[in-house]
Amino acid sequence: MLIAGFPAGAWGTNCYLVAPAAGEECVIIDPGHQAAQGVEETLRKHRLKPVAVVLTHGHLDHVASVVPVCGAHDVPAWIHPADRYMMSDPEKALGRSIGMPLMGELTVGEPDDVKELTDGAALSLAGLDFSVSHAPGHTKGSVTFRMPESADVPSVFFSGDLLFAGSIGRTDLPGGDMDEMLESLARVCLPLDDSTVVLSGHGPQTTIGRERATNPYLREVAAGLGSTQPAPRRGM
């Protein structure tokens, strides 16, 4: 399996291209702010053909390049319906203006083909299988994607802005909810095997085992204590 990722734009959002191998079809995850050029360079480098864009949530730093990427390759974008409005109205999603200079660099709106994700869905794209889990807390429509373990690679978990190395996503923007975040961490993350590789929306990769042992939020959830602290200000 091939997973090629790079941090894009002003927020350093991780964009991932996933394929069975070089020279084959691929899925693009979270092409955010200023990600289009990096996507094209990665496609050329690995001789990949995209078949879909899938989105962990609708914040601008994860979806800003959806329209140009989908348009260039005539592929659909998958997003949870609770976050779909954010593609066309990013300022509403943030509860504030993002500023004219930044807006001038964006193509706001939906691509021609939008498909909606549901909790528990099984996506088969580019010869790959993704299990979808609805994981609200950062946004109402946040989801994660998990790929099963195979003979040569452990299970891979694309956590979006639910879980980071040593941290979790912020909950202080519209649609954020700390109680929902903690419930999602308990329901979605804790049952995963320790060997599961976590590829998050920001920052370095980690594993569920490492986060179970060291992440203060996951440790408190595992202990059934919850947390009274505000979420770290990670992501948009």
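## Overview

Helices and strands are here DSSP runs, of at least four residues for a helix and at least two for a strand, numbered from the N terminus. Counted in this way, the secondary structure of the protein comes to eight helices and 14 strands. The model is a predicted one.

Of the 236 residues in the protein, 53% are buried. Among contacts with a separation of 6 or more, 63% are between residues 24 or more positions apart.

## Confidence

The average pLDDT of the protein is 90, and 89% of the residues score at least 70. Residues 97-101 are a stretch where pLDDT stays under 50. For this stretch the model has five contacts beyond four places in sequence. Where pLDDT is low, the predicted coordinates should not be read in detail.

## Helix α3

Helix α3 covers residues 66-73, and Val66, Val69 and Cys70 in this helix are buried. These three cover an arc of only 95 degrees around the axis, which puts them on the same side of α3. The general geometry is that an α-helix has 3.6 residues a turn, so residues three or four places apart point the same way. On the other side of α3, Gly71 and Ala72 are exposed.

The buried residues of α3 pack against three strands and two helices: β3 (25-29), β4 (49-54) and β5 (77-79), together with α1 (36-46) and α2 (60-63). After α3 comes Asp74, which has a positive phi, near 55 degrees.

## Two nonpolar cores

The largest nonpolar core has 23 residues. Within this core, the residues with the most contacts are Leu17, Ile28, Val39, Val53 and Val66. At least two core residues come from each of β1 (2-8), β2 (13-19), β3, α1, α3 and β5. A second core, separate from this one, has 22 residues, including Trp78, Leu123, Leu125 and Phe130.

Val53 can be followed in more detail. Apart from neighbours within four places in sequence, Val53 is in contact with Ile28, Pro31, Val66, Val69, Cys70, Val75, Pro76, Ala77 and Trp78. Among these partners are Val66, Val69 and Cys70, the buried residues of α3 named above. Trp78, another contact of Val53, belongs to the second core.

## Leu125

Leu125 lies in strand β7. Its relative accessible area is 13%, so Leu125 is buried; the cut-off for this is under 20%. With neighbours within four places in sequence left aside, the contacts of Leu125 are Val27, Val51, Ala52, Val54, Trp78 and Phe130. One of them, Val51, is 74 residues away in sequence, while the C-alpha atoms of the two residues are 7.2 Å apart.

## The six-stranded sheet

Six strands form an open sheet in the order β7-β8-β9-β10-β13-β14, and the pairing is mixed. At the edges are β7 (122-125) and β14 (206-207), each of which pairs on one side only. Strands of a sheet pair through backbone hydrogen bonds, either parallel or antiparallel. Strand β8 (residues 128-134) runs antiparallel to β9, and four bridges join the two. In this pair, His134 stands opposite Val143 of β9. Strand β9 (residues 143-147) is also antiparallel to β10, with three bridges between them; here Met147 has Val156 as its bridge partner. On to β13 (residues 197-200), β10 pairs in the parallel sense over four bridges, and Val156 stands opposite Val197.

How many residues of strand β10 are buried? Five of the five residues of β10 (residues 156-160) are, so the strand is largely enclosed by the rest of the structure. In a regular strand the side chains alternate between the two faces of the sheet. Val156, Phe158 and Gly160 lie on one side of β10, Phe157 and Ser159 on the other, and both faces are covered.

## Cysteines

With a disulfide taken as a pair of cysteine sulfur atoms within 2.5 Å, the count comes to zero. Why does Cys15 form no bond with Cys26? The sulfur of Cys26 is the closest cysteine sulfur to that of Cys15, but at 9.5 Å it is too far for a bond. Cys15 counts as buried because its relative accessibility is 0%. Cys189, also with a relative accessible area of 0%, is buried.

Definitions and conventions
Residues are numbered from 1 along each chain as its sequence is written. This is a predicted model: local features need pLDDT of at least 70, side-chain atom pairs count only at pLDDT 80 or more; totals for chains, interfaces and linings use all residues. Side-chain values use heavy atoms; hydrogens and water are left out. Buried means under 20% relative accessible area, exposed over 50%, partly exposed in between (1.4 Å probe, protein chains only). The arc is that of the directions from the helix axis to the C-beta atoms. Contact means heavy atoms within 4.5 Å. A nonpolar core is a set of buried Ala, Val, Leu, Ile, Met, Phe, Trp, Tyr and Cys residues joined through side-chain atoms within 4.5 Å. Two strands pair if DSSP finds at least two bridges between them. pLDDT is the predictor's confidence in each residue, from 0 to 100.
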